[in-house]
Amino acid sequence: MNLFKLLESNTIFQTHWLTLKDDEVVMPNGSTGHYGYVERHDGIGLIVKDGEYIYLVTQPRYPTNRLFLQLPFERKESDETFDNAASRCAEEELGIKAKNIVHIGESYADSGLSKQKIHFYSAEVDKHLASRSDPSEVLEKKKVKIKDLTDLIMKGKIEETHSVAGIFYFLNS
């Protein structure tokens with residue numbers, strides 16, 4: 001069932017990472033209007049368990065000009081499965097060969113802005129590798145006690161929405 005009827009779609013801006021669209025649509029109430037949104041590849045958020053700890057990363061984010069403590073994330077490439085993207089994320093973002101990779105949940109990144117979905121996975125450390133991170137990314141791996149995760153969220157130390165959702169799925173799976 002389509003709630004909206006597309007009349008015209010225009011690409012405003014496009015990069016390797018996103019496409020900005022402006023669509024003219026008939027709204028569910030029958031009125032006509034424009035809807036701007038962002039197209040992005042679906043991604044994965046990964047929780048890698050190491051005993052009583054998990055790994056997070058700190059990463060600077062340009063739009064907020066702030067450093068965030070968050071889950072490692074990776075976009076799913078069109079030629080790979082979500083499971084493979086999770087495995088690649090562990091290697092590239094954390095320098096870890098993961099095992100027991102399990103899908104634990106998914107959520108829309110921002111349903112009013114995009115149809116991008118984040119798929120959350122949990123895994124365990126199989127072995128540590130040399131990190132193969134993208135040289136343009138500034139990541140620092142952090143080992144955090146599982147029992148401290150809720151407190152870190154409640155105190156605003158973990159405040160990035162995808163990370164909060166992924167940790168919720170992890171703690172309740």
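Q: Before we look at anything, what counts as a strand here?
A: A strand is a DSSP run of E with at least two residues, and strands are numbered from the N terminus. Please keep in mind, too, that this is a predicted model.

Q: Okay, which strands help line the second largest pocket?
A: Strand S2, covering 19-26, and strand S3, covering 32-39, each contribute at least two residues to that lining.

Q: Which of them gives the most?
A: That is S3, which puts 3 residues into the lining of the second largest pocket.

Q: And how many residues line the second largest pocket altogether, and which lie nearest its centre?
A: The lining is made of 16 residues, and those nearest the centre of the pocket are Phe4, Tyr35, Tyr37, Ser111 and Lys115. The space inside this second largest pocket comes to about 520 Å³.

Q: What is that lining like by class?
A: Sorted by class, the lining of the second largest pocket holds 9 nonpolar residues, together with 4 polar and 3 charged ones.

Q: Changing topic, how many salt bridges are there?
A: The count comes to 11 salt bridges. As a general point, side chains of opposite charge can pair when their charged atoms come close.

Q: What does glutamate 140 pair with?
A: Glutamate 140 forms a salt bridge with lysine 142, and their closest N and O atoms are 3.2 Å apart.

Q: Why does glutamate 140 count as partly exposed?
A: Its relative accessible area is 44%, and partly exposed is the range between under 20%, which is buried, and over 50%, which is exposed. Lysine 142 is also in the partly exposed class, because its relative accessibility is 31%.

Q: What about aspartate 148, which side chain does it meet?
A: The side chain of aspartate 148 meets that of lysine 147 in a salt bridge, at 3.4 Å from N to O. Aspartate 148 counts as partly exposed because its relative accessibility is 28%, whereas lysine 147, at 66%, counts as exposed.

Q: And is lysine 155, the partner of aspartate 151, buried or exposed?
A: Lysine 155 is exposed, with a relative accessible area of 59%, while aspartate 151, at 41% relative accessibility, counts as partly exposed. These two residues form a salt bridge in which the closest N and O atoms lie 3.3 Å apart.

Q: Last one, which residues do shared salt-bridge partners join into one network?
A: Glu74, Glu80, Arg88 and Glu92 are joined into one network by salt bridges that share partners.

Technical notes: Residues numbered from 1 in each chain as written. Predicted model: local features only at pLDDT ≥ 70, side-chain atom pairs only at ≥ 80, totals over all residues. Heavy atoms only, no water. Salt bridge = Lys/Arg side-chain N within 4 Å of Asp/Glu carboxyl O. Buried < 20%, exposed > 50% of the residue type's maximum accessible area, 1.4 Å probe, protein only. 1 Å grid on protein atoms, 1.4 Å probe; cavity = no way out; pocket = protein on both sides within 12 Å on 5 of 7 lines; lining within 4 Å. Points joined across faces, edges and corners; volume = space filled by probe spheres on them. Helix = DSSP H or I, 4+ residues; strand = E, 2+ residues; numbered from the N terminus. Nonpolar A, V, L, I, M, F, W, Y, C, P; charged D, E, K, R; others polar.
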